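Trainee: I should like to take a close look at one part of this model, the side-chain contacts of its helices. Please treat the matter in one connected account.

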Amino acid sequence: MKKGNWKALLPIAVFLVMYLGLGILFEYGLHIPMGFYNIPIVVSFLTALLVACVQNPKLSFDEKLAVMAKGVGDKNIVTMILIFMAAGIFVGVVGRGSAESVAYFLLSIIPARFAVIVLFVVSCFVSLAMGTSVGTITLITPIAVAVSNGSGFSAPLCIGAVMGGAMFGDNLSFISDTTIAACNGQGCAMKDKFRANFWIAFPAALATLIIIFIRTSGSDAGSAIVKDYDLIQVVPYLLVLIGGIIGINVFVVLLIGILSGSVIMLATGATQATDLLTNMGSGASGMYETTMVAILVSAICALIQEYDGFTALLNFIRKIFKSKKGGKLGMGLLVGAMDVATANNTVAIVMANPIAKEMAEDYGISPRNSASILDTFSCVFQGVIPYGAQMLVAISAATELGCEISAFDIMPNLYYPFMLLISALFFMFYAPEKNKIKSA
């Protein structure tokens, strides 16, 4: 067995100390709102990259640049970046108005006593179509507060339903950055990962609906919220969703979404022709940080790999987790630990990808299952940590509407992430794994 080098993992430790340490200081020591998100994550990774470059004097700086270039130029990294850009342009074109249209449409035709269930279902659809949990929470939380005020259901329950639904789509969406990162990092087709992931997420969603129904049944609900809506704006999202499920190439799917969205937004007058290109540029620019993180992490990981850092970590994991099922659990805990440290599920997946890929090969785990594990466990942890962007955005949106609420009020109502964890563990240890895998 090849001997590893624990010192090679120092750049990861430097990043975690800098990002997590300053985040805790800002959030809980200095009480800065959204303190974790005031830490420039790109700067933190640049510092870690500098540490990685200083290590291993046996290699010249030019040789280290060559190693980094090889890591950044990997086909999966390039594909990931291009998909990030295309997904950003799509969201920039279609905007986010259709989310409210879906919500108000369902609230107008379904009795008020089922309003919390509607919030969960709408959040599932919107996040699945948009590919962003934070965007979904930003849009639907004000509706959740309005539903709470109008129906009498508690605000923590309504907001918890929205957050759970948002994480459902984040985990499954074809244009979610977590899906893109996991699939390209593990080398599997998105539709294969979706199929593996669906049978974990769907039972968790059903269990969540049952729990919400039991909690809200028998309540005297007030009046529902009724506002205007325009369902035609949902069409581009549906095309992207259907195209992804039936297995059309992701670039073709996004192109269809961009073209159909452009036509619909111009035809309905939702966007002026002069603003369309600006919105495309803004959407692509919104992916800047995610793209830079992917580039920097791939460079850092290439150096760590060259210095045998991942070999040391894998040797340690092998000593603890002996079987294939144990390897799956170790992979889930690995990305979960990264998520707790970084408070960002996409970053956690990007950081865990190279280690998880070697683990998958070592334990005989298929690419689609390793991608599913990374995405699922990162969403479980991200969905419940009190300092994650999802929680902080929900609290901020509710507070702006006069609803005073804390993370610890919402956390007991986050049924979906907990059900997702139970479902993931069940399938991890008891469900048989199919052998026929189609690689990307």
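Trainee: Is Tyr-416 buried or exposed, and what is its relative accessible area?

Mentor: Tyr-416 is buried, with a relative accessible area of 1%. Please bear in mind that the model is predicted. The ring of Tyr-416 pairs with that of Phe-168 in an edge-to-face arrangement, the centres being 5.9 Å apart and the planes 70° from each other. This contact joins distant parts of the chain, since Phe-168 belongs to helix H8 (residues 155-172) and Tyr-416 to helix H21 (residues 415-430), a separation of 248 residues. Phe-168 is likewise buried, its relative accessible area being 8%; because the limit for a buried residue is under 20%, both partners fall within that class.

The pair belongs to a wider set, for a search of the whole structure finds 11 aromatic pairs. Another one of them is formed by Phe-114 and Phe-213, which are stacked with 6.5 Å from centre to centre and 15° between the planes. Phe-114 lies in the loop between helix H5 (97-109) and helix H6 (115-130), whereas Phe-213 lies in helix H10, so this pair ties together parts that are 99 residues apart in sequence. Here the rings are not buried: Phe-114 is partly exposed at 23% relative accessible area, and Phe-213 is also partly exposed, at 41%. In addition, one aromatic cluster is made up of Phe-174, Phe-194, Phe-198, Trp-199 and Phe-202.

Helix H10 also takes part in a charged contact. The search of the whole structure finds one salt bridge, in which the side chains of Asp-375 and Lys-193 meet at 2.6 Å, N to O. Lys-193 sits in helix H10 (residues 190-216) and Asp-375 in helix H18 (residues 367-384), so that distant parts of the chain, 182 residues apart, are linked. Both Asp-375 and Lys-193 are buried.

Burial also marks helix H9 (residues 177-186), where 10 of 10 residues are buried. Among them are the polar residues Asp-177, Thr-178, Asn-184 and Gln-186, together with Ile-180 and Cys-183. After H9 comes Gly-187, whose phi is positive, near 75°.

Technical notes
Residues numbered from 1 in each chain as written. Predicted model: local features only at pLDDT ≥ 70, side-chain atom pairs only at ≥ 80, totals over all residues. Heavy atoms only, no water. Salt bridge = Lys/Arg side-chain N within 4 Å of Asp/Glu carboxyl O. Helix = DSSP H or I, 4+ residues; strand = E, 2+ residues; numbered from the N terminus. Buried < 20%, exposed > 50% of the residue type's maximum accessible area, 1.4 Å probe, protein only. Phe/Tyr/Trp six-rings, centres within 6.5 Å; stacked < 30°, edge-to-face > 60°.
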